[in-house]
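Here is a short report on one protein chain, written for a reader who has not seen it before. Please look over the sequence and the structure before reading on.

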Amino acid sequence: MFLVSGVELVVAACRNGVIGSFPTVNCRETEQLDAWLGDIARRLQAHADASGQAAAPICPNLIVHRSNTRLAQDLAVLLRHKPELVITSVGSPAPVLSPLHDAGALVFADVASIRHAERAVAAGADGLVLLTAGAGGQTGWLNPFVFVRAVRGFFDGPIVLAGGIGDGHALRAAEALGCDLAYMGTKFIATRESMADGRYKQMLVDSTADDIMLTTAFTGLQTNMLRPSIEAAGLDPDDLPARGAIDIGKDIDARESRPKRWRDIWSGGHSTSGVTGVLGVDELVAQTIAEYEAASARVRL
């Protein structure tokens with residue numbers, strides 16, 4: 001989650017058995033990425049030594065779009081740290097698959113269409129993240145039922161469902177559909193450990209799925225955004241200025257130089273309806289497990 005997931009959130013998730021992911025560009029420069037990965041590894045090892053239980057792996061998200069001017073540098077840092085898992089997003093995983101595989105990483109490709117899923121499999125991706133309608137931020141447009149079953153027709157490897165996963169009931173449904181894992185993003189924005197602005201977290205609590213709007217105005221890609229944050233910035237959600245093609249490099253460089261009102265336009269997924277409070281990660285994971293178990297028991301009846 002861009003500018004949301006950092007060291008504290010990743011460590012808290014992994015301690016609770018949840019794979020902790022973050023975009024490498026959340027770090028301002030590659031030196032900070034190197035420091036983050038080292039800090040996360042040390043803290044998770046300390047947790048394992050103290051508890052006797054290994055933490056879940058981390059999963060850096062590498063933006064592979066050609067406009068990401070930091071791609072080569074961030075890749076080099078990942079190769080030194082040898083994470084177990086890496087997600088590639090906003091482009092084909094092909095250019096980075098070989099070096100990541102040589103470093104021992106499994107590569108999961110973020111895909112938003114059946115055609116892109118086919119290409120990622122052909123390139124040699126180990127797993128697929130299916131970006132479906134309702135995901136926060138950059139989103140897909142396919143119905144998850146259709147998308148998962150279509151991909152299962154040609155791919156028997158790990159599938160992660162992304163979009164609309166708001167609680168343990170949705171996790172159980174994703175499993176029944178044929179998925180191995182699922183993304184939960186929006187609820188983790190509204191945790192005490194996330195880097196999100198406190199006003200952002202409260203807006204998620206106060207909003208529902210009806211407050212989410214789909215637009216290309218801010219990134220050049222179809223993106224789900226919080227309508228109240230657009231209105232608070234003095235913009236008309238129904239008359240937004242046009243945005244050109246995506247340019248990751250410029251967006252990264254401009255993160256602090258943009259007018260403040262633009263920095264406070266926030267994303268959210270349809271699962272915003274399930275955000276009812278700002279929780280600690282420990283509490284959120286325990287709640288999700290209880291929901292999952294209740295859903296499983298209901299299915300068995």
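The text below goes through strands, aromatic pairs, backbone angles and cysteines in turn.

The structure is a predicted model.

**Parallel strands**

Strand 4 covers residues 106–111, and five of its six residues are buried, so strand 4 is largely enclosed by the rest of the structure. Strand 4 runs parallel to strand 3, and four bridges join the two. Within this pairing, Ile87 has Phe108 of strand 4 as its bridge partner. Between these two strands the chain passes through helix 4, in a β-α-β crossover that is right-handed.

Strand 4 is also joined to strand 5 (residues 127–131), again in parallel and by four bridges. Here Asp110 stands opposite Val129 of strand 5. From strand 4 the chain reaches strand 5 by way of helix 5 (residues 114–123), and this β-α-β crossover is right-handed.

**An antiparallel sheet**

Strands of a sheet pair through backbone hydrogen bonds, either parallel or antiparallel. The antiparallel kind is found in an open sheet of three strands with the order 6-10-9. Its edge strands, each pairing on one side only, are strand 6 (137–138) and strand 9 (212–215). Strand 9 pairs with strand 10 (residues 223–226) over four bridges, in the antiparallel sense. Ile212 has its bridge partner in strand 10, namely Leu226.

**Aromatic pairs**

How many aromatic pairs does a search of the whole structure find? The count is two, and their geometry is listed here.

| Pair | Kind | Centre to centre | Between the planes |
|---|---|---|---|
| Phe22 and Trp36 | tilted | 5.6 Å | 55 degrees |
| Tyr200 and Trp266 | stacked | 4.9 Å | 5 degrees |

The tilted pair links distant parts of the chain: Phe22 is in strand 1 (residues 20–23) and Trp36 is in helix 2 (residues 30–51), 14 residues apart. Phe22 has a relative accessible area of 0% and is therefore buried. Trp36 is buried too, with a relative accessible area of 10%.

In the stacked pair, Tyr200 belongs to helix 9 (residues 198–206), while Trp266 sits in the loop between helix 12 (260–263) and helix 13 (281–300), so the pair ties together parts that are 66 residues apart in sequence. Both Tyr200 and Trp266 are buried.

**Positive phi angles**

Most residues other than glycine have a negative phi. Lys82 has a positive phi, near 50 degrees. This lysine, Lys82, is in the loop between helix 3 (71–81) and strand 3 (85–89). Val90 also has a positive phi, near 60 degrees, and is placed in the loop between strand 3 and helix 4 (94–102).

Which of the terms buried or exposed applies to Lys82, and which to Val90? Lys82 is exposed, because its relative accessible area is 53%. Val90 counts as buried, because its relative accessibility is 15%.

**Cysteines**

A disulfide is a covalent bond between the sulfur atoms of two cysteines. The count of disulfides in this model is zero. For Cys27, the nearest cysteine sulfur is that of Cys59, 14 Å away, and Cys27 is in no disulfide. Cys27 is buried, with a relative accessible area of 0%. Cys59 is likewise in no disulfide, and its nearest cysteine sulfur, that of Cys14, is 9.5 Å away. With a relative accessible area of 5%, Cys59 is buried.

How values were computed: Residues are numbered from 1 along each chain as its sequence is written. This is a predicted model: local features need pLDDT of at least 70, side-chain atom pairs count only at pLDDT 80 or more; totals for chains, interfaces and linings use all residues. Side-chain values use heavy atoms; hydrogens and water are left out. Two strands pair if DSSP finds at least two bridges between them. Rings of Phe, Tyr and Trp (its six-membered ring) pair if their centres lie within 6.5 Å; planes under 30 degrees apart count as stacked, over 60 as edge-to-face and the rest as tilted. Buried means under 20% relative accessible area, exposed over 50%, partly exposed in between (1.4 Å probe, protein chains only). A disulfide is a pair of cysteine sulfur atoms within 2.5 Å. A crossover is right-handed if, with the strands pointing away from the viewer, the path from the first strand over the helix to the second runs clockwise.
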